[in-house]
Structures are given as structure tokens and as C-alpha cells.
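Please find below some notes on this structure, set out as numbered points. They are meant for a reader who has not seen it before.

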Amino acid sequence: NPMSISPQLGPNPSSLDGEKLGRGQSGKLSHGGTLYLVNQSHPFTLNYSLSSNGITSSTAQRGLKSSWQQFGSLMVYTAAGVKGSDKIAGFDIDGCIITTKSGKVFPTAPDDWKILYPEIQPKLASLLKKGYKVVFFTNQLGIAKGKLRPEVFKSKVEDILVISLSVFQVFVATGPGIYRKPVMGMWNHLCEKVNLHKHAHTACDLHLCSDAAGRPENWALGKKKKDFSCSDRLFALNIGLQFYTPEEYFLGWKRAPYNLPELNPTKLDSAARLYDPPSASLTSGDTEVIVAVGFPASGKSTFFHTHVIPKGYVYVNRDTLGSWQNCVSACERALKEGRSVTVDNTNPDPESRKRYVDVAKAAGVPCRCFHFSATLEQAKHNNRFREMAPSDSKHAKVNDMVFHSYKKHFQAPALSEGFSEILQIHFVPSFKDKQSETLFRQFSEG
Ligand SMILES: [Mg+2]
């Protein structure tokens, strides 16, 4: 018989087996089910036992059961006995806590793993003794890609718990998006929904250890290979955590050199100059054609819709019209009506631009070029955050092939192609609210 749970009263949600109970909601709990009080801080597991007289009795045991919960593309494992704390010791799993037995980069079988260093088990034990909460943060994109079954990864985590003799919580980002490191979604979930910690005593009370540290080739004697990524150092940087590599943390090695990405999104100036030369005028009183050149996600469409279209220009774009032939026809129609037109395509090479220069020439009007100067790194960063913003429905997802095809075909626009003027348009971020700015100003990777 399921046990009835009284309605939720306070503002901190309870949950039943991962289902959140809002204020005023009630539910039922069956044998083996778990009720969590105050977000996920206090688990109670229900156990019925049949006594000799045939009457069942129930007991609710506190925190005796480990649990898995799912929040969108985030999986959270809470081992029995995990307690909240204002001191967090965070770890990556692969290459930090465990490594492969086979010596291969990727495991060859579900059981192809071993604890990386013998120092790890005593270190985790001493952290728990000092009142730290031990938390693992892992990116497992293989789950979303269908290459790794969640059940297989879950039992691996449970095995690590047994072998490491530890007590920890695990955050697993199973796909792309806000939970994938270095974006800080998993950390925010920990702070807001699970741990409720307030303030750390010192910076070292919140720290992260990982091998995704951006170390270059030959970073130490006998360590030839460079790190495959810098994502976890960036994750720590986004959050403001002290960061250590496994060798620094467990073995006491000295700090290794590392490289950060060229693009620092915290330094992007939203008051920077928008275009060059500054003496140029963005729009014209006479009929004209403006041809864009720039990476996908370099800010072309936002720029045109903010600064040019409101002045009466016709907007031509291949994503909406389907082909360059349709774009050329739309230009011809607009010019016939005596209207100016902007062509918002990537137009990387002279061949793609010539189509519109020719249309302008035939109509006897000038053609200008707006070259959007955002780098590949900037454009990819913009694209990643577009994908994360649920409100952004007007942009289609851009894959790496599209970026690299632009890069491959790119030839800088020249006046000799028939342009009367070429403007450089800089990427200057603007934000509709504080929340989207906070998201955008994080380091990203991938
Ligand atoms: Mg790793």
C-alpha cells in the first residue's frame, strides 16, 4: 500500500522519487520510494516489512538509500549519507578520479577503469572528515549521442562509490546546453536546488580538481601529451573556484603551465565602436544595395534589424528565401520599386558577392559591402549561447561544417569587386536582460 504524503506547506519544494511537490501538492510513496525534504537535502526512504501476524508496518529511514534524479539533460546521483556543506570539493571523474585499465584514452568496456592514484581514497576521506561535501562533475555527451547507455554509466558511478569507500554527489551533463562544462549550469543547480550553501569561509573552501586544464605539450617531465581540453579550468574560472590539476591536488606537484582561449567573454565591451571608418554613414538617402560578408552568428542579422531595416531597407536572407537565386530576384524586385536592400548572407567569396553587385549595376545604383569582422572563435561562442537561450527561436543551429566552409572560402572583400565603399562592422554584444548577459559572459568550449 502506498503511503500518503501530506501536502507540501513551506516554500522549499519537497520531492517524491524525483517528482517535485509544489506548495499545496501531496502525493503517494510506495515501498522503497524516497521522499526528499527541503529541495534534496533530506532523503527519507520508505520500507514496509511484513510481520508474523500479517500486518505490514512501515519505516522511513533517513538517507540510507542512494538515489538518481533527472533534471532535463542533467542526472544527479546522491549517495546515501551525503550532507550539504558550505565547503565543496569538486572533481572531474575521467582522468582525475579514474583512468582506464587498458591504457586507452576511452574505455574499451564498462569495467575498463581503475582509481587513478592510490592517494585519492585517503584524500577523499580526509575531505569528508574536514566537513567538505565531495561532488563530481562530469560531461558525458556520449549519452545524448546514444554511444553510452545511461544505465551503464550509472552503475559505473555506483561502483566508483564502493571502490573509493567515499560518500559523494555526482552531476552528469548528458548533452550539450547549460549543464555542459565549462558553462556553470551544474554548479548553479548544486547551489540553488541541492546544497543550499551560503558562503564559503575562504576561496579554497570551494575548489575543483580536473585534468581538463589546458596544459600544453610536455607540461612536465614524461608528460608529453597536451590536455585534450581546458573546459574544467574554464568551469572553475566561470564560477570563481580555486582550480588544481590531479597531479597538483593528489601528488603535490608544482603548478603546470596552461593556455586559456584567446576570447575572454568577460572582457567584451558592449560600449565599443560599432563600425569603421567612424566617418561612414550606415544608411543612405539614395537607393542602394548593401551586401554582408561574415561568419554565421557574427551578428549580421541583429545589426541589420537594429540599424538598417528600420530606415526602410528591404531585408533579403537566404535562410528565409531558400536559395541565392531567390535572393537575387528579391533584390531586383526591391530596386524596381525604388527601395534599398540589404543582403544578409555569409557571402565569403567574390563569386557569391558578384551576383548582387551585378544586380545593383543593372539598376544603376551603388553597392556597398558590410564586412562583419567577428572571428571564428567569437562566432562559435555566439552560436553556443544562441543554442542555450530558449527565447532565441529565429536562429537555426549552425554546425561546425558551416563555420569551416566559410573560413575555407573566405576572401576579404575589395573595392575592385565593384563596391563603392566597404565598412568593417565589429561584434559589440548587447543584452536584453542581466540573465542573458551573465550566461554570455562565461567561457565556453566545444
Ligand atoms: Mg577528465
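1. How many bridges join strand 10 to strand 15? There are 4 bridges, and strand 10 and strand 15 (residues 206-209) run parallel. Strands pair here if DSSP finds at least two bridges between them. Strands (E, at least two residues) and helices (H or I, at least four) are DSSP runs, numbered from the N terminus. One position in this pairing is alanine 89, which stands opposite histidine 207 in strand 15.

2. Two remarks on the basis of these notes. This is a predicted model, in which local features need pLDDT of at least 70 and side-chain atom pairs count only at pLDDT 80 or more, while totals for chains, interfaces and linings use all residues. Residues are numbered from 1 along each chain as its sequence is written, and side-chain values use heavy atoms, with hydrogens and water left out.

3. The chain has 13 helices and 22 strands. Of its 446 residues, 46% count as buried; buried means under 20% relative accessible area, exposed over 50%, and partly exposed in between (1.4 Å probe, protein chains only). Of the contacts (heavy atoms within 4.5 Å) with a separation of 6 or more, 69% are between residues 24 or more positions apart.

4. Strand 10 also pairs with strand 13, in the parallel sense and over 4 bridges. Isoleucine 88 has lysine 133 as its bridge partner in strand 13. Ile88 and Gly90 point one way from strand 10, Ala89 and Phe91 point the other way, and all are buried.

5. Phe91 belongs to the largest nonpolar core, which has 31 residues. Such a core is a set of buried Ala, Val, Leu, Ile, Met, Phe, Trp, Tyr and Cys residues joined through side-chain atoms within 4.5 Å. Phe91, Phe136, Phe168 and Phe250 have the most contacts inside this core. The elements that each supply at least two of its residues include strand 9 (74-78), strand 10 (88-91), strand 13 (133-139) and helix 6 (246-251). Helix 3 gives the largest share, 4 residues. In soluble globular proteins, nonpolar side chains tend to be buried together.

6. Which residues does phenylalanine 168 contact, leaving aside its neighbours within four places in sequence? Among them are Tyr77, Val82, Phe136, Val157 and Leu161. Apart from the core of phenylalanine 168 lies another core, of 28 residues, which include Val316, Ala330, Tyr356 and Cys367.

7. The magnesium ion has three aspartates to look at: its protein donors are Asp92 (OD), Asp94 (O) and Asp211 (OD), lying 2.0 to 2.2 Å from the ion. Donors are N, O and S atoms within 2.8 Å of the metal (3.2 Å for Na, K and Ca), and water is not among the atoms, so sites may look incomplete. Along the chain the donors follow the spacing D-x1-D-x116-D. Aspartate 94 lies in the loop between strand 10 and strand 11 (98-99) and aspartate 211 in the loop between strand 15 and helix 5 (231-239), so the pair ties together parts 117 residues apart in sequence. Aspartate 94 is partly exposed at 32% relative accessible area, whereas aspartate 211 is buried at 15%.

8. The whole structure holds 0 disulfides, a disulfide being a pair of cysteine sulfur atoms within 2.5 Å. Why is cysteine 331 not bonded to cysteine 327? The sulfur of cysteine 327 is the closest cysteine sulfur, but at 7.1 Å it is too far for a bond. Cysteine 331 is buried, at 1% relative accessibility.
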